[in-house]
Amino acid sequence: MSAYRPDQRGPGNRSALGRLISVDERAFVDDYWGRKPLLSRARDLPGSFEDLMSSASVDELVSHRGVRTPFARMAKDGSLLDKSEFTSSGGFGAEMADQLDSAAVLSAFAGGHTLVLQGLHRLWPPLIDFVRDLVDDIGHPAQVNAYITPASSTGFAPHYDVHDVFVLQIGGAKRWVLHPPVHTHPLSNQPWSDRRDAVENRARELPLVDTVLEPGDALYLPRGWIHSAEALGETTIHLTIGVASFNHYDVANQLFGVLQDDPQLREPLPAGLDLTDSDAVLPYVDHVLDDIAATLDDIRASPEARRQIARRLGRRLADITRPEPVSPLRTISFMTSLDSHSTVVWRQGLIARISSDESRVHLDFRSKTVSLPIEALDAVTQLHSGKPCRTGDLVGLDQNSAVVLVRRLLREGVLVPSPTGAASSTVSE
């Protein structure tokens, strides 16, 4: 969990996470994260969520943005509506047949179907920025959907999610009913439908929480908590921010990746072995357990081997998260006038491993490696701190070398122009 940063976007300069919770961030981490729900009323939060989504935003996305499935779906009483019922071709020049048909969406919505707009962290600019900040705050991947529900309708039956969620009420009032898990901390391959009977039975019990969310309220739910929601009296809009929190099993998975490098564990079982005979297979199970135990002892004794597992987890995070988008034309224009006064910053959310040898410094990213002269090491470390930096202030480089380095890193999408502008003010003596 990152510390509070005063340069964060959002009302009152609160961090992205700070906008969603009514308790101190440390208290949230210690007492609620992955453990129990947290209901935060609008009066206890720093501001509304109108900058993120509104009814006008929904109308714009449906009618003017060419949104396609699977970025949208419609559901009623737990059943999905076939996409052919609410999509059509966009006409000349945009013939893709799976675009939202605004009139068909209206008809289905008036008939009681909930509209779900998915992946808005890739579609809607305010949420693109907000979710990027939130990922930095919590250190786990996140995405966001919008649920637009007709009056007095229930979009989905009681269920649990395999990710943590923050629910942000945007418009209307919605009743939320919460029950404790029947399967604590479910993994991504353990959906609620695998435990449908247990979920339905638990949902018949007295709920632990039965509350109504009004505009500006927020609700945090750890994965596995059973929930259902019902619109009250009018159309409701809420955002669900899903957080795919990494867990101990993810660490174990990276350990399995290391184990596959052991040639003994890759050795085939004997030909002719009856795999349906558990007694015949058992000696090989014991043999593998002994091999794993020995390998684990070696890993435990080696700081570098343990660090390798940690690095694998970091690479996994880099694989499934996206850094902030770059603006190609703005960047090209910025590069054209680049000089020692130009201010740049490391691209938010861009994960890199920095290493060096006698002659080069290497920046390893998810899809490429950028190698630079060793003289740039201190400047790269300075930039990697994430603080805006004037090109002429890079340590260890003369002005010409600094400009060359910054231009290269801008071109590679490692740096972006600082939001403060092309040049920072100089400190007068």
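Biologist: Is D210 buried, partly exposed or exposed?

Modeller: Happy to look, bearing in mind that this is a predicted model. Buried would need under 20% relative accessible area and exposed over 50%. D210 has 43% relative accessibility, so it counts as partly exposed.

Biologist: Which residue forms a salt bridge with D210?

Modeller: D210 sits in strand β9 (residues 209–213), and its partner lies in strand β8 (residues 164–179), 35 residues apart. That partner is itself partly exposed, at 32% relative accessibility. The closest N and O atoms of the pair are 2.6 Å apart, and the partner is R175.

Biologist: Nice! R68 forms a salt bridge with D98; how many residues apart in sequence are the parts that the pair ties together?

Modeller: The closest N and O atoms of R68 and D98 are 2.8 Å apart. R68 is partly exposed at 34%, whereas D98, at 13%, counts as buried. R68 lies in the loop between α2 (55–64) and β2 (72–76) and D98 in the loop between β4 (87–88) and β5 (99–100), so the parts tied together are 30 residues apart.

Biologist: And which residues join into one network through salt bridges that share partners?

Modeller: The structure holds 12 salt bridges. Those that share partners join K368, R408 and E412.

Biologist: Turning to the interior, which helix gives the largest share of the largest nonpolar core?

Modeller: That core has 47 residues, and M53, L117, F166 and L239 touch the most other members. M53, for instance, touches residues including W124, L127 and I170. The largest share of the core, 6 residues, comes from helix α4 (residues 125–138).

Terms used:
Residues numbered from 1 in each chain as written. Predicted model: local features only at pLDDT ≥ 70, side-chain atom pairs only at ≥ 80, totals over all residues. Heavy atoms only, no water. Core = buried A, V, L, I, M, F, W, Y, C linked by side-chain atoms within 4.5 Å. Buried < 20%, exposed > 50% of the residue type's maximum accessible area, 1.4 Å probe, protein only. Helix = DSSP H or I, 4+ residues; strand = E, 2+ residues; numbered from the N terminus. Contact = heavy atoms within 4.5 Å. Salt bridge = Lys/Arg side-chain N within 4 Å of Asp/Glu carboxyl O. Lists of a residue's contacts leave out its neighbours within four places in sequence.
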